[in-house]
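Student: I have a structure open and I keep meeting words such as salt bridge, buried and pocket. Could we go through them one at a time?

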Amino acid sequence: MTTSPEPTDPAPPELVVITGMSGAGRTTAAHCFEDFGWYVVDNLPLELLPSLAELGSRASGSIPRLAVIVDVRAWTFHADLHTALQAMGELPVKPRIVFLEACDEVLVRRFESVRRPHPLQSKGRVLDGIRKERQLLHELRHQADVVIDTSHLNIHQLSAKIMAAFAQTLVPNLRATVMSFGYKYGLPMDADLVVDCRFLPNPHWVPELRALTGQDAPVRDYVLGQPQVEQFLQAYTTVLSLVTEGYLREAKRYATIAVGCTGGKHRSVAIAAELARRLQAMHIHASVLHRDVGRE
């Protein structure tokens, strides 16, 4: 009699605490982690950090990566964060601290550009709040696992820095929505790329196909069986592979590819589904949306 292997416990989630100087880019960094597939919690009270880590551990692997933004206003003294991290000592989750900072001159300029006060300046100047925060976070900065100076970084460069620091766990990928549409109803407002299928023979003029859509096998076979289609799909897939590399390099993680025909019922529907299938084969997360099917 054979016995089935014992089920293995899921790996504990990774946990990153994103902290540092106000104005140094914590929110931008959090967006980077979110784009890389992490579950991000903004401004979590420190006393809830162990509870969040425990919930992540009990999530059966459904939340493999957690990132938490910790604002300076979330604690009065650094000991509070130290206590919260100590309380996690018996949990399998081992947090890493990412500390973002920038020079005083840059931080002052950033606060002035958005016309917002520093959270610690009280009735003083922005620079007073910056200096107070820097003193408060001095010890934490030296204990951080990763320190990133964003003084001279743009959004893309910060994303690249985070990617380099977490290369083993951050797997960049593009998420694409392939949307079929009808030109007679207008271009989709959120389209990044537009594919025109109106050069293909229109199934609308085939009586037995007119009432069907590109989701039906007879129409799909008719459209994909046209002599020009395979060459067109191969060429456009090659273009998308090049565009994808550029998007990822520029920290763009989402794209909408609009595929259009006259009414958005036959050709664009079949081509959009096939294009999404080929993108998935390229390890791009592609979903299909048919905007105008049933609209006529």
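Student: Why is the contact between Glu101 and Arg141 called a salt bridge?

Tutor: Let's set the value against the rule, keeping in mind that this is a predicted model. The closest N and O atoms of Glu101 and Arg141 are 2.2 Å apart. The cut-off is within 4 Å, for a side-chain nitrogen of Lys or Arg and a carboxyl oxygen of Asp or Glu. The pair meets that rule, so it is called a salt bridge.

Student: What makes this pair a tie between separate parts of the chain?

Tutor: Glu101 belongs to strand β4, whereas Arg141 sits in helix α6 (residues 138-143). The two parts are 40 residues apart in sequence, so the salt bridge ties them together.

Student: Glu101 also pairs with Arg134. How do you know that this one counts as well?

Tutor: Here the closest N and O atoms are 3.9 Å apart. The limit is within 4 Å, so Glu101 and Arg134 form a salt bridge too. This pair also links distant parts of the chain: Glu101 is in strand β4 (residues 95-101) and Arg134 is in helix α5 (residues 126-136), 33 residues apart.

Student: Which residues are joined in a network of salt bridges?

Tutor: Glu101, Asp104, Arg134 and Arg141 are linked in that way. For the model as a whole, the count comes to 13 salt bridges.

Student: Is Glu101 buried or exposed, and how do you know?

Tutor: Its relative accessibility is 11%. Buried means under 20%, so Glu101 counts as buried.

Student: And why are Arg134 and Arg141 put in another class?

Tutor: Arg134 has 27% relative accessibility, and Arg141 has 31%. Partly exposed is the class between buried, under 20%, and exposed, over 50%. Therefore Arg134 counts as partly exposed, and so does Arg141.

Student: What about Glu274 and Arg278: what makes them a salt bridge?

Tutor: Their side chains meet at 2.8 Å, N to O. With a limit of within 4 Å, that pair qualifies. Glu274 and Arg278 both lie in helix α10 (residues 267-281), four residues apart, which is about one turn of the helix. Both of these residues are buried.

Student: Now for the empty spaces. Why is one of them called a cavity and not a pocket?

Tutor: A cavity is space where a 1.4 Å probe fits but cannot get out, whereas a pocket is open. One cavity of 30 Å³ or more is counted here, and about 60 Å³ of space lies in the largest cavity. Helix α9 (229-249) and strand β8 (254-261) each give two or more residues to its lining. The largest share, four residues, comes from α9.

Student: How do you know what kind of residues line the largest cavity?

Tutor: Sort them by class: 10 are nonpolar, one is polar and none is charged. Among the lining residues are Leu174, Val243, Thr244 and Ile257. Thr is not on the nonpolar or charged list, so Thr244 counts as polar.

Student: What does the largest pocket look like by the numbers?

Tutor: Its volume is about 460 Å³. It is lined by 19 residues, and Ser22, Gly23, Arg26, Thr27 and Phe111 lie nearest its centre. By class, the lining has seven nonpolar, six polar and six charged residues.

Notes:
Residues numbered from 1 in each chain as written. Predicted model: local features only at pLDDT ≥ 70, side-chain atom pairs only at ≥ 80, totals over all residues. Heavy atoms only, no water. Buried < 20%, exposed > 50% of the residue type's maximum accessible area, 1.4 Å probe, protein only. 1 Å grid on protein atoms, 1.4 Å probe; cavity = no way out; pocket = protein on both sides within 12 Å on 5 of 7 lines; lining within 4 Å. Points joined across faces, edges and corners; volume = space filled by probe spheres on them.
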